[in-house]
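Visitor: I'd like a close look at one part of this model, the ring-to-ring contacts. Could you take me through them and then place them in the rest of the chain?

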Amino acid sequence: AKQETRYIDNNGFNPAWYDTLQFTIHVPELALVRFVVEDYDKTSKNDFVGQFTLPFTCIQPGYRHIHLLSKDGTGIPPSSLFVNVRITKLT
């Protein structure tokens, strides 16, 4: 499954989304979560900024910093995403 937040105009240094994304995961042992950041552009293709992928089973609930990596896997200091993760079981 794939979801996107809305884009933030003219605030590349400290954007805040306050969006909630929800997913239903059927096989958590095989699921990967990928965070991708792009520079939104109305007139051309969005530019890749950074990404980070991790297994769902490694995600801990609460407030977390997701440190972004370049396409070749090197760190991009000091870029990170500050996220709040909540995991609930469906009954």
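How many aromatic pairs does the structure hold?

Guide: One caveat before the rings: this is a predicted model, so local features need pLDDT of at least 70 and side-chain atom pairs count only at pLDDT 80 or more, while totals for chains, interfaces and linings use all residues. Numbering starts from 1 along each chain as its sequence is written, and side-chain values use heavy atoms, with hydrogens and water left out.

There are two aromatic pairs in the structure. A pair here means rings of Phe, Tyr or Trp (its six-membered ring) with centres within 6.5 Å; planes under 30 degrees apart are stacked, over 60 edge-to-face, the rest tilted.

Take tyrosine 7 with tyrosine 40: they make a stacked pair, with 3.7 Å from centre to centre and 10 degrees between the planes. Tyrosine 7 belongs to the segment before β1, and tyrosine 40 to the loop between β1 and β2 (47–55), so this pair ties together parts 33 residues apart in sequence. Strands are DSSP runs (E, at least two residues; helices are H or I, at least four), numbered from the N terminus. As for cover, tyrosine 7 is partly exposed at a relative accessible area of 39%, and tyrosine 40 is partly exposed too, at 36%. The cut-offs are under 20% relative accessible area for buried, over 50% for exposed and partly exposed in between, with a 1.4 Å probe and protein chains only.

Now for tyrosine 63 and phenylalanine 82, which also form a stacked pair: the centres are 5.5 Å apart and the planes 20 degrees apart. This contact runs from strand to strand: tyrosine 63 sits in β3 (residues 62–69) and phenylalanine 82 in β4 (residues 75–85), so the pair ties together parts 19 residues apart in sequence. Here both rings count as exposed, tyrosine 63 with 56% relative accessible area and phenylalanine 82 with 55%.

Let's stay on β4 for a moment. Proline 78 lies in this strand, and the peptide bond leading from proline 77 to proline 78 is cis, with omega near 0 degrees. Valine 85 is in β4 as well, and with a relative accessible area of 18% valine 85 is buried. From valine 85 to leucine 30 it's 19 Å, C-alpha to C-alpha, and 55 residues in sequence.

Back to the segment before β1, where tyrosine 18 is found. Tyrosine 18 has a phi near 55 degrees, a positive value in a residue that isn't glycine. At 77% relative accessible area, tyrosine 18 is exposed. Next along the sequence, aspartate 19 meets arginine 6 side chain to side chain in a salt bridge, at 3.1 Å from N to O. Both partners are in the segment before β1, yet the pair links distant parts of the chain, 13 residues apart. The rule asks for a side-chain nitrogen of Lys or Arg within 4 Å of a carboxyl oxygen of Asp or Glu, and by this rule the count comes to one salt bridge. Aspartate 19 counts as partly exposed at 31% relative accessibility, and arginine 6 does at 44%.

Then there are the surface patches, built from residues with over 30% relative accessible area and no salt bridge, joining like charges within 9 Å and nonpolar side chains (Val, Leu, Ile, Met, Phe, Trp, Tyr) within 5 Å. Leu21, Phe23 and Ile25 make a nonpolar patch of about 250 Å², the areas being Shrake-Rupley values with a 1.4 Å probe and only the protein chains shown as cover. Phenylalanine 23 is placed in the segment before β1 (32–39) and is partly exposed at 43% relative accessibility.

A negative patch is formed by Glu4, Glu38, Asp39 and Asp47. Asp and Glu count as negative, Lys and Arg as positive, with His and the chain ends not counted; charges are placed at CG of Asp, CD of Glu, NZ of Lys and CZ of Arg. In this patch, glutamate 38 is in strand β1 and is partly exposed, at 46% relative accessible area.

Finally, the whole chain: it has zero helices and four strands, giving a β-β-β-β pattern along the sequence. Its C-alpha atoms fill a box of roughly 45 × 25 × 25 Å along the principal axes, and 14% of the 91 residues count as buried.
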